[in-house]
Each structure stands twice: as structure tokens, then as C-alpha cells.
Amino acid sequence: MQVSITVNSVRRRDDVEPRMMLAHYLRDVCGLRATNIGCDTTSCGACTVTVDGESVKSCTVLAVQTDGGTVTTLEGLAASVGLGPDELHPVQAAFRAEHGLQCGFCTPGMVMAAVGLLAENPHPTEPEVREGLEGNLCRCTGYHNIVRAVLTAADAMGPGGDA
Amino acid sequence: MITATFEYVRAESVDDAVAKLAELGDEAKLLAGGHSLLPMMKLRLAFPAVLVDVRPLADLSYVRVDGESVAVGALTRHCDLVSSAVLRAEAPLLGAVAAHVGDPQIRHRGTIGGSLSHADPAADLPAAVLASDATLVVQGPGVRRQVAAADFFVGYFETAMAADEMLVEIRLPRTGATPWHYEKFTRRANDWAVVAVATVDTRVAIANMGSTPLRATATEEALAAGASVAEAASLAAEGTDPVEDMNADRAYRRHLARVLTRRALAATR
């Protein structure tokens, strides 16, 4: 089936099988491999991307369901706020500054979930960050620094939540 | 995991979706948010030949006051229930319970109609509509009918809807400031309930104590006869037939039903 999906600001046309999940579309068709597939059962959140600005688990969304939509993955995050190829989005920068990762497998999903959270709630409290990230698992259990990173990013992004 | 192959079609309207169901029968399933159906298809527990996508039917996403009821469109997402000011003012249990469904990403996709049609007895929203004494509006080919929530859930993942019917609206009585509560017990964050209890005034609905969400009839009758909360709650497991699984055996689920009902009723007053 023909789909037209804007991925990281590039409008694409692809012929996909209806059963292809968005996660596989991003990795195998678009070649964007930051989006990890962890549990593949809508639990771990490693495959989180934004669709039309909202966080979703791309292992449980069909590519055909995003036809006409706009998808942002970690690769396109900095550019989505007008930053250059060598620059980090404030959420990425905060994860780096606060050491919000250990092995790094959950990080792309964690960052995209945090971006989705901050879009809806630009200045969350610490409990709101913890609840907002409840759909993302870190098997290294490095949650404290992840939460700290999101709070740091919220501060850096200013009153309106813009970068 | 990859699902079996299927044909994907988009519904142009409710009538179109129902016509497709009537034509294809058991071969077809409606796809809304897909967060119950697609995982089942990935596990090959479901393998419909055709998915009829109703998610583009944006006019089925609404929460509005309609006379003495609050009308909720079947394609209203969980996140939109949570943020609805109309629900907060008129039927607050539903929005509060929706916040317990899955996690933010899941709530961005999943819909109330999808959850109720899926009819998982461990799910949050079926118990909420039962406690709310809601009426479900179902569209078949040329016929629209109303089904009481108490009659809608008939078995594990089974509803009173025929294969060619679609849930289009949920109608809740406007309960305003009537006390309500939701107690959910899980072993992990964002999991299904091991047992959950929803209350509106003296109506008590329990999730995951049988093949459907159940009203705690013995508890409700005891309350009506003047029993204390503790006495009434001690009857909450009467007439239930809970499953045993890795989370809880039958005795533990009965215990949870009593304890959660006591907590819920205490918080409802």
C-alpha cells in the first residue's frame, strides 16, 4: 500500500505491507536505527517516537496508520527545533549533562518520551516526570539521572517549553 | 514479532464501516487505536483477514453534555478522557480511571470504544462504565440500539455486539459532585489490574474477578440495607469466579476484592 509520511521533515512516499509496524518502517525502510525495538509488546518504550507531536510506541502502530502524518525520531529531533547537524536538542543535551544513560539502549525512546512529556507539560514536577515516563523502562535502572535530565531540560527550554 | 498478513481498508463513515463488517463477517475486525488488537495479532492470537480502520472518523471523538447524559464518542482517546473538563465536572470517575490505562504513549493511541469492545475483564474502562451505569450505543446495518453496560459484557473478550455492529457512543449519567473512587491493585506500574474496584455513590463494579467486569451486588444490597462499609465490603467477593494466574490465586483475588472495596467505599463517602 502506498503511504506518504513525513519523517524528520522529509516527505516520503513508500510502498509498504499493511502489517509493517512503524518501528520496522523507520528502521528498515527509512534506515533510521536510533529507534530501538526492545520488548516488542508495548511495554518498554524503547521504540518511542512522536507522531504529529505526540509520543507513541512505534512497535504497536502500523506504518499505514501514520499515512499523511509527521513522524520525528531521535535522528531528526535537533533539526525539528532548527538546530544544526552537530548540535543537540536541549533534552539530548540534558541527558548528556546529567548522565541520564548507562548502556544507552532505552535512551532514544526515553528522550522521545521526554520530548512528548515536555510538549504537554513544559514544567513538570519530579513526580510528574516519573509518571510521565512510566511507559519507558531502563534495565540499567538509571532512573534518577534520567528524571534529573528531564527536569534540567525543562529549565533549559524556558517558560513556553521552546528550545 | 510480525502479524499474519491482512488487507487494510479505511472506513469512510460509520455506515461504511458497518457495511464492510456486514459483508465480511468474522473475517474483519475494526481497528481504532490498535493497542489491544495489534499486540494480539503480533502474538498470532488474532488473525483477521481484513482490518477496517475507523480511526480516521474524527467526528466520533468528543465528550459533550447531552440532556441528562454525558455523551462520549467511541473514538475518544484515553488522553482526551483524562483532560476533558466536561468529564471532570459531570462524570469524573471516567476521566480519572482513563489515567490508569497503560502509559502516556498508550493513552495517546487507545480509545474508549476500542477498550470496551475488546472487553478484557482486567481492563480499567469496562469497570468504570459499569460503575457509572452507562449506556452503550451500538450501530448495526441500518439499526442503532442502546445496550446497558451491565448487559454489554457477556464473557472473556466477548460483548453483546454482533459481528456487524460497531460501538459508536458511550452515554453516562451526569453525576456531578456524587462521590466516586477507583482502587486498582497492580504488581507493576502501568499493568492491568490484578483486581480493581470502581465506585459511584453506592454502585460498586469490580474488574478481573470473573469473565466480565461485575457489579458487587451483595455489597450494594448490604449498603442499601444499612450495613457498615466494613460489613458490606466483606461481601465483595460473593458470586465472583476469578481466574488464577501468575499474579494471584483465587483466594488472594477474593481477598483483594474485599480490601479494595472497603478502601474504595471508605473513600467514596
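# Exercises on a two-chain model

Where chain A and chain B meet, 23 residues of chain A and 21 residues of chain B take part in the contact. Keep in mind as you work that this model is predicted.

## Exercise 1: chain B's side of the contact

Find which element gives the most to the side of chain B that touches chain A, and sort that side's residues by character.

Start with the elements. β1 (7–10), α2 (37–42) and α6 (104–109) of chain B each bring at least two residues to the side that touches chain A. Now pick the top contributor: α6(B), with five residues. Last, sort the residues on chain B's side: nine are nonpolar, seven polar and five charged.

## Exercise 2: two helices that cross

Work out how α3(A) and α4(A) are placed relative to each other, and which residues meet.

Take the axes to begin with. Helix α3 (residues 90–97) and helix α4 (residues 107–120), both of chain A, have axes that come within 10 Å and cross at roughly 125 degrees. An angle like that falls between the ranges for roughly perpendicular (65 to 115) and roughly antiparallel (over 145), so α3(A) is oblique to α4(A). Next, the hand: α3(A) passes α4(A) in a right-handed crossing.

Then list who meets whom. From α3(A) come Val91(A), Gln92(A) and Phe95(A), and from α4(A) come Thr107(A), Val111(A), Ala114(A) and Val115(A). Sorting the residues of this contact gives five nonpolar, two polar and no charged.

## Exercise 3: what is tucked away in α3(A)

Name the buried residues of α3(A) and say what covers them.

Go along the helix: Pro90(A), Val91(A), Gln92(A), Ala94(A) and Phe95(A) are buried. Their cover includes α2 (74–80), α4 and α6 of chain A. Then step off the end of the helix: just after α3(A), His99(A) takes a positive phi of about 55 degrees.

## Exercise 4: the nonpolar cores

Describe the largest nonpolar core, then look at one of its residues up close.

A bit of background: in soluble globular proteins, nonpolar side chains tend to be buried together. Here the largest nonpolar core has 84 residues, and Leu93(B), Val195(B), Ala196(B), Ala198(B) and Ile206(B) have the most contacts inside it. The helix that gives the most to this core is α8 (residues 124–131) of chain B, with six residues.

Zoom in on Val195(B). Setting aside residues up to four places away in sequence, Val195(B) touches a list that includes Phe185(B), Ile206(B), Met209(B), Leu256(B) and Leu260(B). There is also a second, separate core of 49 residues, with Leu22(A), Cys30(A), Ala78(A) and Ala94(A) among them.

## Exercise 5: two threonines, buried or exposed?

Compare the surroundings of Thr42(A) and Thr141(A), and check phi for each.

Place them on the chain. Thr42(A) sits in the loop between α1 (22–29) and β3 (48–51) of chain A, and Thr141(A) in the loop between α5 (126–132) and α6 (143–156) of chain A.

Count neighbours. Thr42(A) has 26 C-beta neighbours inside 10 Å, so Thr42(A) counts as buried. Thr141(A) has 9 other C-beta atoms within 10 Å, so Thr141(A) is exposed.

Finish with phi. Most residues other than glycine have a negative phi. Thr42(A) has a positive phi near 65 degrees, and Thr141(A) has a positive phi of about 60 degrees.

## Exercise 6: locating His118(B)

Say where His118(B) is and what His118(B) contacts.

His118(B) belongs to helix α7 (residues 112–118) of chain B. With 18 other C-beta atoms within 10 Å, His118(B) is partly exposed. Beyond neighbours within four places in sequence, His118(B) is in contact with Ser36(B) and Phe157(B). One more pairing to note: the C-alpha atoms of His118(B) and Glu158(B) are separated by 7.3 Å, though the residues are 40 apart along the chain.

Key. Residues numbered from 1 in each chain as written. Chains lettered and ligands numbered in written order. Predicted model: local features only at pLDDT ≥ 70, side-chain atom pairs only at ≥ 80, totals over all residues. Axes fitted to C-alpha atoms, helices over the stretch in contact; angles between N-to-C directions. Helix = DSSP H or I, 4+ residues; strand = E, 2+ residues; numbered from the N terminus. Parallel < 35°, antiparallel > 145°, perpendicular 65-115°, else oblique. Left-handed = near helix turned anticlockwise from the far one by under 90°. Contact = placed C-beta atoms within 7 Å. Nonpolar A, V, L, I, M, F, W, Y, C, P; charged D, E, K, R; others polar. Core = buried A, V, L, I, M, F, W, Y, C linked by C-beta atoms within 7 Å. Buried ≥ 20, exposed ≤ 12 C-beta atoms within 10 Å, placed from the backbone.
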